[in-house]
Amino acid sequence: MATRLPEAPKVGMVSLGCPKNLVDSERILTKLRSDGYALSPDYAGADVVLVNTCGFLDSAKEESLEAIGEAIAENGRVIVTGCMGKEAEVIRARFPNVLAVTGAHQYEEVVGAVHDAAPMPPSPFVNLVPDSGLKLTPRHYSYLKISEGCNHRCSFCIIPSLRGDLVSRRPDAILREAEKLVAAGTKELLVISQDTSAYGIDIRKEPRAWKGREVVPHMTDLARELGQIAPWVRLHYVYPYPHVDQVIPLMAEGLVLPYLDIPFQHAAPNVLRAMKRPANEAKVLERLRGWREIAPDIAIRSTFVVGFPGETEADFQYLLDWLDEAQLDRVGAFRFEPVEGASANDLPGAVPEEVKEERYARIMEKTAAISAAKLEAKIGRQLEVIIDAVDAEGGATGRSQADAPEIDGEVFLRDAGHLEQGDIVRVLIEDADEHDLYGVPMD
C-alpha cells in the first residue's frame with residue numbers, strides 16, 4: 001500500500017524594503033522549503049505568514065506596520081522579521097497577537113519561530129528544494145548579497161544599528177552560490193550589500209581556494225571571478241573609494257557591466273560634512289571623467305537627499321551645478337526625513353517642508369532633462385538588451401546594460417514576439433523619452 005505523505009504546512013511571505021531584504025526573504029524561504037514547508041501565494045492558504053519589514057524611514061516603518069496589520073486581519077498567524085524587528089516593543093504594543101518578532105538577517109530565529117508556530121509533520125520524503133534556493137525575482141536575474149552590515153556612521157542612517165558592522169562572506173561561498181544561480185537560469189547577477197566597495201576589508205587576509213587558485217576577498221577580484229560565471233554582472237551600492245578605479249577596466253573588458261550605483265547623497269561640502277560623508281566632490285568629477293575615458297558607455301546611478309538640516313539655498317544650487325558637470329545617467333532623490341535614532345535629527349537648521357518639496361521638484365526636473373538628453377543620444381545605436389517580459393501582441397520589455405530592474409528605465413520593443421524572457425539580444429534604438437528607450441530587435 002502506498003505511503004500517504006502528510007500535508008506540509010504552508011508559509012506566506014510579505015517582503016518589504018530594499019533588495020537586501022528581498023535576499024533575506026529568499027534565504028528564509030529556501031531554508032523553510034528545504035525543511036519541507038510549502039509556500040502559499042495568498043493569506044487564505046497560509047498556516048503562518050512572515051512579514052519581512054523595513055525600518056529605515058518613518059514612512060517605511062508605517063508601511064511595515066500596515067502590512068503587519070493586514071496580515072493579521074487576513075490570516076491572524078503572523079511572524080515579523082527584518083529591520084523593524086529592532087523595535088519589537090512598538091510592534092507588540094500595536095499588534096499583541098503577533099507570534100514572534102525577530103531582527104534583520106536572523107535566519108535561524110525566524111525559521112525556528114515558524115517551526116514553533118506551524119510544526120512540520122515528520123516525514124523523510126518531504127525535503128525537496130532547488131540547489132539555487134527559492135527566488136522571489138524572475139528566473140533570469142538574481143540578487144547576490146556579498147556582505148552584511150556597514151562600517152560607516154552617516155548621520156542620517158541607522159543601518160549599522162539595525163544590521164551591525166561589516167561582515168563579509170567568504171569569496172568561495174559567494175562564487176559557489178553564483179554558479180548555482182547561473183546553472184538554474186540566471187543571466188544577470190546583481191551584486192548587493194550595504195557597501196560593496198568595502199567587501200573583504202574584514203577578512204582581507206583570508207584568501208580562499210577556488211577552481212585551483214586563490215581568490216582574495218576584495219571587490220575587484222570578486223567582480224573579475226563573477227564576470228567569468230554570469231553573462232551580466234551589475235554592481236550596486238558602491239562607495240567611491242580609490243580602489244573602485246580598478247573595476248573600470250573590467251567593464252572595458254566586458255567582464256562587468258559598465259554600470260555603477262554610487263550613493264553620493266549630496267555634493268555641497270558643508271552638507272557632506274554634516275552627513276559625515278567624504279567631502280571630495282571635485283575629485284569625484286575628475287574620476288568620473290577618467291572612468292568615461294576607459295569605459296565610454298559607463299552608466300552612473302546615484303541618490304541624493306534634499307532638505308538635509310542646515311542645507312542652504314547656496315548648498316542646493318551647488319548640488320544642481322555639480323549635477324550639470326557630473327551628467328549622471330540615473331538619479332533618485334529623497335526629501336530628508338528624520339529617522340528615530342539618527343544623529344542628524346539633532347542638527348540645527350531644519351529645512352521647512354515646503355522648501356524640501358520645492359527643491360525636490362527642481363532636482364527631479366534637472367535630472368530628468370539630463371536623462372532625456374543622454375537617452376536621445378542613443379537613438380540610432382545598437383545596444384545589448386536583456387528581455388524581462390514578452391506580451392501576446394508581439395511586443396517585449398527589456399533593459400539595457402545601463403538599467404537595473406525596478407529602479408532604472410526600460411527598453412520597449414516592437415516585433416519581438418519570437419523572444420523569450422532572459423534572452424540577451426542586440427536592439428536598434430529608434431526613439432527615447434526622459435526615462436525609457438524604444439527599439440526593435442536585430443536578432
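Here are a few notes on a predicted model, covering its main pocket, one buried strand and a barrel.

1. Start with the pocket. The largest one has a volume of about 1500 Å³. It is lined by 50 residues, and those closest to its centre are Cys18, Lys20, Phe56, Tyr237 and Phe334.

2. What sort of residues make up that lining? They split into 29 nonpolar, 12 polar and 9 charged. Several elements supply at least two lining residues each, among them helix H1 (19-34), helix H2 (58-74), strand S14 (299-306) and strand S15 (330-335).

3. S14 is worth a closer look. Is this strand mostly covered or open? Covered: 8 of its 8 residues are buried. That goes for both faces, with Ala299, Arg301, Thr303 and Val305 buried on one side, and Ile300, Ser302, Phe304 and Val306 buried on the other.

4. Now for the partners of S14. Strand S13 (residues 259-261) pairs with S14 in the parallel sense over 3 bridges, and Tyr259 has Ala299 as its bridge partner there. S15 also pairs with S14 in the parallel sense, over 6 bridges; here Val305 is matched with Phe334. To get from S14 to S15, the chain passes through helix H11 (residues 313-326), giving a right-handed β-α-β crossover.

5. Finally, there's a barrel. It is closed by 5 strands in the order S16-S17-S18-S20-S19, with mixed pairing. On average, neighbouring strands in this sheet are turned by 50° against each other, ignoring direction.

6. One pairing in that barrel is easy to look up: S16 (residues 382-390) and S19 (residues 424-432) run antiparallel and are joined by 5 bridges. Gln382, for example, has Leu428 in S19 as its bridge partner.

Technical notes. Residues numbered from 1 in each chain as written. Predicted model: local features only at pLDDT ≥ 70, side-chain atom pairs only at ≥ 80, totals over all residues. Heavy atoms only, no water. 1 Å grid on protein atoms, 1.4 Å probe; cavity = no way out; pocket = protein on both sides within 12 Å on 5 of 7 lines; lining within 4 Å. Points joined across faces, edges and corners; volume = space filled by probe spheres on them. Helix = DSSP H or I, 4+ residues; strand = E, 2+ residues; numbered from the N terminus. Nonpolar A, V, L, I, M, F, W, Y, C, P; charged D, E, K, R; others polar. Pairing = 2+ DSSP bridges. Axes fitted to C-alpha atoms, helices over the stretch in contact; angles between N-to-C directions. Buried < 20%, exposed > 50% of the residue type's maximum accessible area, 1.4 Å probe, protein only. Right-handed = clockwise from strand over helix to strand, strands pointing away.
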